[in-house]
Amino acid sequence: MSAAIERRAIVVVGGGPAGLAAAIAAYEAGEHDVLILERDTQLGGILNQCIHNGFGLHTFKEELTGPEYAQRFIDRADELGIERRLGTMVLDISSERVVTTVSAANGIDRIQAGAVVLAMGCRERPRGALATPGYRPAGVYSAGTAQRLVNIEGQLPGREVVILGSGDIGLIMARRMTLEGAHVACVAEIMPYSGGLKRNIVQCLDDFGIPLLLSHTVVDVEGRDRVEAVTIAQVDERLKPIPGTEVRYPCDTLMLSVGLLPENELSREAGVELSPVTRGPVVDQSLQTSVAGIFACGNVLHVHDLVDFVSQEAAAAGTQAARYVMADAEEASASRGIPVAATDGVRYTVPSFIDPQRMDDTLTVRFRVANEFRDRYVSVYLDDERIQHRKKRVMAPGEMEQVVLKRADLLAREGLSQITVKLEEA
């Protein structure tokens with residue numbers, strides 16, 4: 001066990017797409033003492049099992065598979081000589097930015113960081129969170145676990161499949177299982193809209209004739225040792241099953257794609273304030289959390305739809321972390337800033353606070369809507385003055401939206417007390 005505390009300028013927790021982009025951006029911003037901590041034995045995170053294409057259209061202007069996209073960033077980190085410690089689990093992060101790790105190689109280590117970037121990603125919501133009736137037989141998998149079994153381990157989880165939930169991983173696995181020779185009976189979604197991208201509904205379900213049952217859920221799972229069948233019923237506007245609508249589907253596999261949760265146990269222990277909506281940290285315009293010197297980005301901050309946006313956000317967090325450690329103490333102690341309110345169909349915004357004095361000339365504010373909307377305006381108000389009013393033909397919860405704010409507009413409004421992002425009817 002190491003007794004001395006190691007000192008590093010920037011520690012990035014997580015070596016997936018967010019952690020890699022943050023570390024590279026911090027290095028390129030001028031702070032070369034950057035360390036990536038990754039619990040897996042290789043960099044790349046979840047992208048290593050995402051062998052389908054569709055990644056990189058925004059970042060590289062071409063379609064890449066997940067491993068190809070990750071490798072672009074790994075290669076760049078190698079070029080810069082950014083240090084990484086693989087097989088290293090972070091046990092604790094204190095509010096003073098002391099990072100405690102454990103690994104087979106070094107045992108327990110403690111690192112005093114000038115700044116910490118949280119990039120731990122997210123995890124899948126388990127069956128236990130759904131209260132689905134029935135036994136607990138073999139054959140019930142989260143979509144991500146099934147994806148790893150097929151794409152990494154070369155194992156087929158089952159032959160006759162029902163998928164509950166229409167998140168992107170579930171949609172992609174509907175196609176993947178079909179291509180591997182399994183039969184996917186249907187995808188059931190309890191909400192009246194899909195939780196995934198429109199392109200995935202078309203390419204993964206419609207193109208393969210797989211039905212999407214909106215406003216439906218699983219009400220029974222049959223089988224003690226192995227799944228034998230599931231019963232699916234329609235739900236009402238209160239998401240309660242409607243008697244008489246039940247349909248039984250014989251199957252040997254039930255795959256769950258029922259949402260992702262930011263991996264924020266370490267954030268919580270560090271004293272970081274978490275949003276009740278996103279379950280990720282509350283951050284300001286620099287992606288700094290409520291704890292000074294701790295930044296957050298990627299799916300640990302809020303669940304993204306595209307990895308390209310993860311990389312953009314993480315690069316901003318890495319740049320801001322570098323600025324933080326290179327600034328003097330007075331400059332680094334940022335104020336909380338002006339609150340950003342999400343109302344009238346907007347579920348949340350990232351960031352939640354903006355200090356116009358400290359922001360760049362432009363700032364991208366990302367958000368998700370609470371329902372499916374057609375022909376609505378995305379409006380931005382500075383107190384009671386509307387400064388943006390942009391029409392969107394279709395908006396859905398599964399797809400990220402954004403507005404771009406200008407520093408000059410915010411500074412021009414003297415005594416500004418609130419920024420509001422809302423939807424308005426045409």
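This short presentation describes the fold, the nonpolar cores and the salt bridges of one protein model.

Good morning. Please keep in mind throughout that this is a predicted model.

I shall begin with the overall picture. The secondary structure of the protein comes to 9 helices and 25 strands. Along the principal axes, the C-alpha atoms fill a box of roughly 65 × 60 × 40 Å. What radius of gyration would a compact globule with 426 residues have? The value would be near 22 Å, and the protein has 23 Å, so the two agree. Of the 426 residues, 54% are buried. If we take the contacts with a separation of 6 or more, 63% of them are between residues 24 or more positions apart.

Let us now turn to one sheet. It is an open sheet of 3 strands in the order 19-21-24, and the pairing is antiparallel. Which strands lie at the edges? They are strand 19, residues 346-350, and strand 24, residues 401-406, and each of them pairs on one side only. On average, neighbouring strands of this sheet are turned by 30 degrees against each other, with direction ignored. Strand 21 covers residues 362-369, and 6 bridges join it to strand 24. As a point to find in the structure, Leu363 stands opposite Leu405 in strand 24.

Next, the nonpolar interior. The largest nonpolar core has 62 residues, and those that touch the most other members are Ile10, Ile82, Ile93 and Val117. Helix 1, residues 17-28, gives the most to this core, with 8 residues. Which residues does Ile82 touch, if we leave out those up to four places away in sequence? They are Ala23, Ile24, Tyr27, Val34, Ile36 and Ala77. Another core, of 21 residues, lies apart from the largest one, and Phe367, Leu416, Ile419 and Val421 are among its members.

My last topic is charge pairs. How many salt bridges does the model contain? The count comes to 23, and I shall present three of them individually.

In the first example, the side chains of Arg248 and Glu222 meet at 2.8 Å, N to O. Arg248 lies in strand 14, residues 247-250, and Glu222 in strand 12, residues 216-222, so this pair ties together parts that are 26 residues apart in sequence. Buried means under 20% relative accessible area and exposed means over 50%. Arg248, at 47%, therefore counts as partly exposed, and Glu222, at 23%, also counts as partly exposed.

In the second example, Arg336 and Glu273 meet through their side chains at 2.7 Å, N to O. Arg336 sits in the loop between helix 8 and strand 18, and Glu273 in the loop between helix 6 and strand 17, so the pair ties together parts 63 residues apart in sequence. Arg336 is partly exposed at 40% relative accessibility, and Glu273 is partly exposed at 35%.

In the third example, Arg323 forms a salt bridge with Asp360, and their closest N and O atoms are 3.2 Å apart. Arg323 belongs to helix 7, residues 307-326, while Asp360 is in the loop between strand 20 and strand 21; the pair thus links distant parts of the chain, 37 residues apart. Arg323 has a relative accessible area of 39% and is partly exposed; Asp360, at 38%, is partly exposed too.

Finally, there is a network of salt bridges, which links Glu6, Arg8, Asp33, Glu83 and Arg85.

Thank you for your attention.

How values were computed
Residues numbered from 1 in each chain as written. Predicted model: local features only at pLDDT ≥ 70, side-chain atom pairs only at ≥ 80, totals over all residues. Heavy atoms only, no water. Pairing = 2+ DSSP bridges. Helix = DSSP H or I, 4+ residues; strand = E, 2+ residues; numbered from the N terminus. Axes fitted to C-alpha atoms, helices over the stretch in contact; angles between N-to-C directions. Core = buried A, V, L, I, M, F, W, Y, C linked by side-chain atoms within 4.5 Å. Buried < 20%, exposed > 50% of the residue type's maximum accessible area, 1.4 Å probe, protein only. Contact = heavy atoms within 4.5 Å. Salt bridge = Lys/Arg side-chain N within 4 Å of Asp/Glu carboxyl O. Rg over C-alpha atoms; globule rule 2.2 N^0.38 Å.
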